[in-house]
Amino acid sequence: MTTSNSENVAAEAGSFLSNLLGLQVSTTESDAPESAAVSATYVDSDEVVRAHIICDLPSAAILGAALTQIPMGRVNDSIKEGKLADNLQENAAEVFNIAVNLLPNHETRRYVLKDVCFCDDTCMPALGDVEQCDDFELDVQRYGKGKMRVVQVS
């Protein structure tokens, strides 16, 4: 596995998400999410899996809520229940559709979102041969913090 300059990847993710959500999003390098509440899988034009974005439950709830400015109470309820509310799932799926732009090499390779798996906060997808992996913590204005992993596979 090669490593990238995670600090730059985190900064790019923060800038991208700030523009998407219309809120200040700061990012810092961190440990990987301990579990996956959401796993988005991206494929190339040959339908070969090339990347994943994995989020813990707080991150998925925050991104889903922040997209359409859903009140923070819904985020807290989802975290307490251990499951994303339906409207947060829909919004999070849209965030991950657009987040293809966070993937390494997205400028030179065409990736599309294949699916988004909403887990019970205990699953972590099999990643295959990891080419690049970046872990960071998001801090979304008014919504709070969560962890995200961006993985490119060969």
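A residue counts as buried when its relative accessible area is under 20%. D44, at 13% relative accessibility, therefore falls in the buried class. The structure described here is a predicted model.

Two salt bridges, 2 in the whole structure, were found by the search. Side chains of opposite charge can pair when their charged atoms come close. One of the bridges joins R50 to D44, with the closest N and O atoms 2.8 Å apart. The partners differ in burial class: D44 is buried, whereas R50, at 22% relative accessibility, is partly exposed. R50 misses the buried class because the cut-off is under 20%.

A salt bridge also forms between D135 and R149, where the closest N and O atoms are 2.6 Å apart. This pair links distant parts of the chain, with D135 in strand 5 and R149 in strand 6, 14 residues apart. D135 is buried at 14% relative accessibility. R149 is buried too, with a relative accessible area of 17%. The side chains of D135 and R149 are also joined by a polar contact of 2.6 Å.

The surroundings of D135 extend beyond R149. Leaving aside neighbours within four places in sequence, D135 is in contact with T28, E29, S30, D31, A32 and P33. M148 and R149 complete that list of contacts.

D134 also has its place in strand 5. Its relative accessible area is 0%, so D134 is buried. The side chain of D134 makes a polar contact of 3.0 Å with the side chain of Q132. D134 and D31 are 103 residues apart in sequence. In space, their C-alpha atoms are 9.2 Å apart.

The largest nonpolar core holds 41 residues. Within this core, Y42, I53, L63, F96 and M148 touch the most other members. Two or more residues come from each of several elements: helix 1 (6-21), strand 2 (36-43), strand 3 (49-55), helix 2 (57-67), helix 4, strand 5 (130-140) and strand 6 (144-153). Helix 2 gives the most to the core, with 7 residues.

The contacts of L63 were listed without residues up to four places away in sequence. On that basis, L63 touches L17, L21 and C55. Its contacts also include V95, F96, L138 and M148. Among these, F96 and M148 are, like L63 itself, core residues that touch the most other members.

Helix 4 spans residues 86-98 and has 13 residues. From first C-alpha to last, helix 4 reaches 19 Å. That reach is close to the 18 Å expected at 1.5 Å a residue. The buried residues in helix 4 are L88, Q89, N91, A92, V95 and F96. Of these, V95 and F96 are in contact with L63.

Cysteines were examined last. A disulfide is a covalent bond between the sulfur atoms of two cysteines. The search of the whole structure finds 0 disulfides. The closest cysteine sulfur to that of C117 is in C119, at 3.6 Å. This is too far for a bond, because a disulfide needs sulfur atoms within 2.5 Å. C117 is partly exposed, with a relative accessible area of 37%. C133, in contrast, is buried at 14%.

Terms used
Residues are numbered from 1 along each chain as its sequence is written. This is a predicted model: local features need pLDDT of at least 70, side-chain atom pairs count only at pLDDT 80 or more; totals for chains, interfaces and linings use all residues. Side-chain values use heavy atoms; hydrogens and water are left out. Helices (H or I, at least four residues) and strands (E, at least two) are DSSP runs, numbered from the N terminus. The expected span of a helix is 1.5 Å times one less than its number of residues. Buried means under 20% relative accessible area, exposed over 50%, partly exposed in between (1.4 Å probe, protein chains only). A nonpolar core is a set of buried Ala, Val, Leu, Ile, Met, Phe, Trp, Tyr and Cys residues joined through side-chain atoms within 4.5 Å. Contact means heavy atoms within 4.5 Å. A polar contact is a pair of N or O atoms within 3.5 Å; within protein, one must be able to donate a hydrogen and the other to accept it, and residues adjacent in sequence count only if both atoms are side-chain atoms. A salt bridge is a side-chain nitrogen of Lys or Arg within 4 Å of a carboxyl oxygen of Asp or Glu.
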